[in-house]
Structure formats: C-alpha cells, structure tokens
There are 2 protein chains.
Amino acid sequence: MDEFGIIARYFAPLAGEGAFGLADDTALVPPRPGHDLLVTTDAVAEGTDFFAFDPASAIARKALRVNLSDLAAKGAEPAYYLLNLALPPSVTAAWLEDFAGGLAADQREFGVALLGGDTSRTEGPLSIAITAFGFVPEGRMVRRDGARAGDDIYVTGSIGDSGGGLAIFRREKHSLSEQDRDALTLRYRVPQPPVGFAPRLRAIAHAAIDISDGLVADLGHVAAASGVKLVIEGEALPLSAPLKALWGEKTILRAATAGDDYQIAFTAPPGLAGPFTRIGHVTAGEGVEFRLDGAAIDVPRPGYRHF
Amino acid sequence: MDEFGIIARYFAPLAGEGAFGLADDTALVPPRPGHDLLVTTDAVAEGTDFFAFDPASAIARKALRVNLSDLAAKGAEPAYYLLNLALPPSVTAAWLEDFAGGLAADQREFGVALLGGDTSRTEGPLSIAITAFGFVPEGRMVRRDGARAGDDIYVTGSIGDSGGGLAIFRREKHSLSEQDRDALTLRYRVPQPPVGFAPRLRAIAHAAIDISDGLVADLGHVAAASGVKLVIEGEALPLSAPLKALWGEKTILRAATAGDDYQIAFTAPPGLAGPFTRIGHVTAGEGVEFRLDGAAIDVPRPGYRHF
C-alpha cells in the first residue's frame with residue numbers, strides 16, 4: 001500500500017473538521033472565539049520512548065499523550081493534532097490498523113481529532129512526531145515563569161511509576177507480583193496525563209510544567225524561567241506501592257529523576273487541597289534544592305538527557 | 001552540548017512572538033483577525049530529499065521551503081513554523097550553526113519566525129519535520145477540490161529542474177556546462193516556492209496544489225478531489241534550457257513526473273496572463289490525461305512514490 005492508500009484507509013477516518021478528510025496537504029485550524037490557540041510538538045523514538053515489541057496501539061497512544069500532557073500543563077484543553085510518521089519497511093497492515101485503533105480510542109477519550117500529517121518510509125527506526133493544538137481562555141495559559149517565593153510546589157498523580165516500568169523492561173531484577181509489575185510497565189507504555197485537571201490548574205497555578213525528563217530536571221526549568229529557588233521535600237513525593245516494592249529505599253531519589261511521568265508539577269499558594277500532593281516550596285534564590293528529612297541532597301543526574 | 005544548550009544557542013535567536021524564547025514547551029499561535037489559520041507539515045529525509053553531503057544551510061532551507069510551498073499553493077502567507085529535529089551523533093556544532101544560519105536567512109526572506117519544536121538524538125538518519133503556519137483572509141483558502149470543466153491549467157516557474165539536479169547527483173551522465181549543472185542542482189537543493197504569488201493565486205484560482213511528487217501525480221489529486229478530468233498538453237510545459245540540455249527529447253515526460261518542483265499548479269478561467277504558463281485544460285471525466293502533440297500518452301509512473 002502506498003502513502004495515499006495508507007492515509008485513506010487508516011487515517012482519513014480519524015480526520016476532524018478543518019482536515020478536509022486529509023484530501024488536502026494543508027488543514028485549516030478551526031478557531032475558538034475568546035480562546036488562545038496553543039501548540040506543542042514532541043517526537044517519540046523507538047528504544048527511548050517505546051520498544052519495537054510494544055503493541056502499536058500503545059505506541060500511538062503514548063505518542064499522542066506526551067503531547068496532551070504538554071497542553072494540560074499549560075491549562076489547555078486539547079483539540080487537534082498532526083501526525084508525522086516515518087515507517088520502516090517492517091511495518092505491516094495489521095500494525096497500522098492497531099496503531100490507528102490506538103489513536104481512535106484516544107480521540108474518543110480526550111475529544112481530539114486528526115488535522116493532517118505526513119507519512120513516509122525510512123530505513124532508520126520507526127519515528128513518530130505529533131503536534132497537538134489546544135485552547136485556553138484568552139490570556140490564561142499557565143507558563144513556566146510565574147513561580148513566586150512563598151508558593152508551594154504540588155504534583156498530580158504519583159511519580160516514578162513509568163521509570164519503574166522502564167527499568168523492568170530493561171531487565172532490572174525484581175520480585176514484584178505480576179499485578180505490580182504490570183501496573184508499572186503499563187504506566188511506561190501508556191501515560192495517564194491529567195488532561196481533565198487543566199481548568200482547575202489554570203484557576204490556581206502560578207507556574208506549571210509536565211514532568212517528562214524527570215521531576216528535578218523539569219522543576220529546574222521552572223526555577224530558571226521564574227528566577228526563584230524551588231525546594232523539593234523528597235519524603236513528600238507521592239509514590240505508589242508497586243514502585244516502593246521495586247526500588248525500596250532508593251525509591252525517592254530514583255522516582256524524582258526517572259522522567260516519563262507525564263504528570264503536572266506546579267507552584268501555587270500554600271494550603272491548597274485537591275487531586276495533587278504538596279511536595280515542596282518556593283523561596284528566593286535559584287535552582288532546585290532536593291531535601292531528604294531536612295538535609296539538602298546532591299542530585300548528580302536530575303533527569304533524562306536527550307544527548 | 002545537550003538538547004537545552006542546542007536550543008538556547010542555535011534556535012532561541014530564531015524565536016518569534018508567542019514562542020516565549022523557546023523557554024516553554026508550548027507556544028501560543030498569535031491570531032490574525034479576519035484570517036483563517038492554515039497548517040501543514042512535511043518531513044524531509046536524508047537520501048530522498050537531501051544528501052548527507054549537502055550544506056546544512058541548504059538542508060534547513062529545503063526543509064522549511066517544502067512547507068512554505070504547501071502554504072503558498074493554498075493562497076496563504078507564511079507566518080510561523082515548528083521544527084522537529086532528530087540528530088545523529090555525527091552532527092557537529094559547526095553543522096548546527098550552518099543549519100540555524102539557513103533558517104535565519106529564510107526567516108528574513110519569507111517573513112516567518114520559529115514558534116517551537118523538539119530536538120532529540122537518533123541512531124538513524126538525520127530527520128527533519130517542519131510544521132508551518134500561514135494566514136489567508138477568512139474563507140479564501142484555495143483548495144484542491146474546486147477545479148471545473150472549462151478551466152485552464154496553469155503552472156508557475158519551470159518544471160523538472162529539481163529532478164534534473166537530483167539525476168546529476170545520482171551520477172546520470174551528462175555534458176552540461178558547469179553553469180547549467182549548478183542551475184539544476186541548486187534547484188534540487190534549495191527550492192524556490194513562489195510564496196509571493198499567493199495573493200494573486202487566491203484571486204484567480206479555482207483549485208491549486210504544490211508540485212512535490214510530480215506534476216502528473218499531483219494533478220491527479222486535484223482531478224480526484226474535484227471530480228473532473230485534467231488534460232495536460234505536454235508540449236506546453238515550461239522547461240528550462242539547462243534541463244533540455246540534460247534530458248533532450250525525454251525532457252517533457254521526465255519533467256512531468258520528476259517531482260520536487262515546489263511550484264504551484266492551479267486551475268482557473270482560460271485566457272489569464274501572469275507569472276505562470278498555461279499547460280492544459282479541464283473537462284468532464286476523471287483522472288489525468290497526458291497529451292503530446294494531441295495524442296494521449298500512457299504515463300506509467302506519474303510521480304515519486306513514498307513506498
């Protein structure tokens with residue numbers, strides 16, 4: 001099947017308003033009055049973000065969700081996406097069908113539609129880049145640079161589970177139950193970005209970021225952009241029981257630097273309660289300080305490095 | 001240098017309004033009142049669209065221009081772009097500087113700015129995907145599906161030069177002068193999409209497409225989308241002297257199927273004059289008929305196939 005056959009068969013059924021059924025090269029982004037349009041793009045790569053043996057539907061969902069995570073961390077509701085796909089010769093029709101099925105399921109779950117893209121052949125590894133569009137009420141994007149001394153730091157969900165899943169795929173030794181193991185590996189394969197939290201986030205947050213490279217590394221970006229110091233209180237990190245069973249006493253530090261969480265870390269006034277956990281506070285200064293039981297700890301490798 | 005160092009050093013200086021200096025993951029697309037926002041995305045790949053030995057600045061400009069070409073063919077003025085870059089370990093600081101320099105030059109030439117992107121490491125070939133944004137006055141996008149029986153077919157620029165340049169890079173034998181050779185290879189390396197023609201195009205065209213896969217193949221998309229038959233009169237094709245020197249009597253058919261032209265083919269009322277050439281007409285029916293001296297010719301391979 002050639003490029004146009006693949007588009008017509010697998011991707012045209014996913015097309016939304018403005019995509020012209022993918023029959024044009026160019027799409028029209030339908031505007032939303034009173035809203036700002038946000039855009040973000042992230043690629044996932046075989047061997048880093050997924051494995052060749054992962055189900056195609058999981059790969060598709062991860063590629064989409066890492067982008068929905070960026071939008072959610074800005075307080076935006078997702079709306080559309082573009083798909084750049086470079087396919088190695090080994091990809092089969094069954095793989096493509098499963099891949100498109102994963103996208104279709106997530107389109108229903110998150111209320112997004114495909115707007116366009118590009119499909120080509122590669123001799124290299126499978127490569128998927130997605131560009132996602134979302135809307136926030138005008139002027140309400142939550143940026144990285146709004147953290148203030150006196151804020152507390154909060155995080156949604158639990159931290160480190162995806163890193164634990166990756167460690168298991170990389171054959172790190174463990175004695176987990178099958179259920180605990182699957183809980184962690186599933187978090188690596190199919191992230192659960194808190195998309196529905198976006199409206200609440202923009203009501204309370206001064207600054208926010210999604211955790212992709214690692215909590216410490218990503219909060220470092222917030223500290224740098226905001227010109228403040230972020231103090232993480234390690235013992236406050238929300239950690240799942242399966243992860244603690246996997247990593248024992250090393251759980252806190254490994255979870256704080258593992259990355260691939262796709263949860264939202266944000267700063268906001270102290271004393272808030274909701275579907276999130278307080279993990280630290282903001283003071284004058286610069287950088288990130290990681291404390292365990294009150295003592296500053298050196299974190300040699302604060303997150304995943306792309307190079 | 002890591003991802004963030006590369007972004008700060010080479011790409012942040014290219015950032016436009018809404019990009020927040022590339023210090024956030026997500027950009028805000030500044031709206032243009034009274035206009036529709038169009039978006040298109042195309043990847044270029046080593047070995048297909050460029051060679052590893054090409055100057056990095058030329059690779060950058062080609063990656064950007066294949067997208068500006070899509071926007072121009074819809075009657076849009078380009079405004080912003082996103083850059084997805086997967087870099088093999090062989091890429092050096094000098095290469096990145098030259099690459100960013102090519103983007104900077106084209107930003108000045110076409111009035112566009114960088115809005116965001118994603119940079120990662122790959123073990124595969126260098127891969128570049130660009131997503132470009134442009135504006136058309138509301139409701140004025142030129143689509144593929146507007147061709148009508150009675151229209152003439154027109155094309156901007158000359159056809160086949162880039163294909164001739166690629167043939168030379170692929171060591172096809174020739175006896176061209178150095179000047180003629182360079183004229184063709186430069187067209188392959190750095191396309192010249194008629195971006196400034198967009199306002200005129202939307203004033204006259206019923207349907208349009210940019211020629212990327214090959215004139216016959218791309219007009220096939222217009223015929224299919226519009227539900228009409230497109231008749232190309234081969235002897236009317238605008239061909240450059242260097243190309244005729246390269247391909248002799250085979251020039252017409254090879255030029256019509258070579259691709260990588262990044263000129264605009266469009267249908268519009270007969271009798272128009274401007275910076276374009278009449279190359280055929282539209283009738284009732286379906287598909288593309290290629291005529292030479294009045295006789296229909298079978299075109300076995302109407303354009304580049306991605307698979």
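## Two helices in chain B

Let's start with a pair of helices: the axes of helix H1 (residues 3-11) of chain B and helix H3 (residues 93-110) of chain B come within 10 Å and cross at roughly 45 degrees. Keep in mind as you look that this is a predicted model. Angles from 35 to 65 degrees fall in neither the roughly parallel nor the roughly perpendicular class, so H1(B) and H3(B) are oblique to each other. The crossing of H1(B) past H3(B) is right-handed.

Which residues of H1(B) meet H3(B)? They are B:Ile6, B:Tyr10 and B:Phe11, and across from them in H3(B) are B:Leu96, B:Glu97 and B:Ala100. Sorted by class, this contact has 5 nonpolar residues, 1 charged residue and no polar ones.

## How the two chains are related

Now step back to both chains. A turn of 180 degrees, with a shift of 0.0 Å along the axis, lays chain A on chain B with an RMSD of 0.0 Å. The two copies are therefore related as by a two-fold rotation axis. In chain A, A:Gly124 has the C-alpha nearest the axis, 2.2 Å from it.

## Where the chains meet

Here 47 residues of chain A are in contact with 47 residues of chain B. Several elements of chain A each supply at least two residues to this side, including helix H2 (56-72) and strand S3 (77-87). S2(A) gives the most, with 9 residues. By class, the side of chain A that touches chain B has 20 nonpolar, 13 polar and 14 charged residues.

The copies meet through the same surface, because 100% of the interface residues of chain A are also interface residues in chain B.

Strands also pair across the chains: S1(A) and strand S2 (residues 35-45) of chain B run antiparallel and are joined by 4 bridges. A:Leu28 has B:Leu38 in S2(B) as its bridge partner.

Methods:
Residues numbered from 1 in each chain as written. Chains lettered and ligands numbered in written order. Predicted model: local features only at pLDDT ≥ 70, side-chain atom pairs only at ≥ 80, totals over all residues. Axes fitted to C-alpha atoms, helices over the stretch in contact; angles between N-to-C directions. Parallel < 35°, antiparallel > 145°, perpendicular 65-115°, else oblique. Left-handed = near helix turned anticlockwise from the far one by under 90°. Contact = placed C-beta atoms within 7 Å. Nonpolar A, V, L, I, M, F, W, Y, C, P; charged D, E, K, R; others polar. Least-squares fit on C-alpha atoms with pLDDT ≥ 70 in both. Pairing = 2+ DSSP bridges.
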